[in-house]
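Colleague: I should like to learn how to read a structural model one feature at a time. May we begin with the way helices pack?

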Amino acid sequence: RQYFERTFSQKELPTDLTPVSVEPGVATWSQLLVRLGAVQSRKEAQRLISQRAVKVDGAVVEADALTAAAVPGAGREPMTVQVGKHRFFRVRLGES
């Protein structure tokens with residue numbers, strides 16, 4: 001109950017997320033979401049992005065392109081990816 005109140009009523013990010021490393025070669029947010037297992041297909045991920053349902057560290061993902069400017073902390077620090085209202089992932093992009 002406490003988790004629910006903090007995460008959804010007070011809109012805080014969960015603190016107990018396990019970081020997941022994603023290997024290099026991910027060029028778009030939709031590829032990243034598929035590799036995380038957050039969605040079944042890239043088309044579903046693109047639909048969620050266009051509906052503004054994907055956030056990275058609290059900022060809405062505006063476009064599918066995964067550029068260095070779009071990644072907070074230039075990918076060195078783990079980022080929190082939110083898909084919809086209830087799915088959260090702590091992601092660290094792999095070194096290329």
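Modeller: Two packed helices are described by an angle and by a distance between axes. In this predicted model, helix 2 and helix 3 pack at an angle of about 120°, and their axes are 8 Å apart.

Colleague: Why is helix 2 oblique to helix 3?

Modeller: Angles from 65 to 115 degrees count as roughly perpendicular and those over 145 as roughly antiparallel, while the rest above 115 are oblique. The angle here is about 120°, and therefore helix 2 is oblique to helix 3. The crossing of these two helices is right-handed.

Colleague: Which residues make the contact between helix 2 and helix 3?

Modeller: Helix 2 contributes Trp 29, Ser 30, Gln 31, Leu 33 and Val 34. From helix 3 come Arg 42, Ala 45, Gln 46 and Ile 49.

Colleague: How many residues does the largest nonpolar core have?

Modeller: The largest nonpolar core has 22 residues. Those with the most contacts inside this core are Trp 29, Leu 32, Leu 33, Met 79, Val 81 and Val 91. At least two core residues come from each of helix 2 (29-36), helix 3 (42-50), strand 2 (54-56), strand 4 (79-83) and strand 5 (87-93). Helix 2 gives the largest share, four residues.

Colleague: Is Leu 93 buried or exposed?

Modeller: One compares the relative accessible area with a cut-off: under 20% means buried. Leu 93 has a relative accessible area of 19%, so Leu 93 is buried. This residue belongs to strand 5.

Colleague: How far apart are Leu 93 and Met 79, in sequence and in space?

Modeller: Separation along the chain and separation in space are two distinct readings. Leu 93 and Met 79 are 14 residues apart in sequence, and their C-alpha atoms are 8.7 Å apart.

Colleague: What can be said of Thr 80, in strand 4?

Modeller: The relative accessibility of Thr 80 is 8%, so this residue counts as buried. The side chain of Thr 80 is joined to that of Arg 90 by a polar contact of 2.6 Å.

Colleague: How does one describe the chain as a whole?

Modeller: One may list its elements in order. The chain holds three helices and five strands, and along the sequence they follow the pattern α-β-α-α-β-β-β-β. The chain has 96 residues, of which 34% count as buried. Among contacts between residues at least 6 apart in sequence, 48% join residues at least 24 apart.

Conventions:
Residues numbered from 1 in each chain as written. Predicted model: local features only at pLDDT ≥ 70, side-chain atom pairs only at ≥ 80, totals over all residues. Heavy atoms only, no water. Core = buried A, V, L, I, M, F, W, Y, C linked by side-chain atoms within 4.5 Å. Buried < 20%, exposed > 50% of the residue type's maximum accessible area, 1.4 Å probe, protein only. Polar contact = N/O pair within 3.5 Å; in protein donor to acceptor, adjacent residues only side chain to side chain. Axes fitted to C-alpha atoms, helices over the stretch in contact; angles between N-to-C directions. Parallel < 35°, antiparallel > 145°, perpendicular 65-115°, else oblique. Left-handed = near helix turned anticlockwise from the far one by under 90°. Contact = heavy atoms within 4.5 Å.
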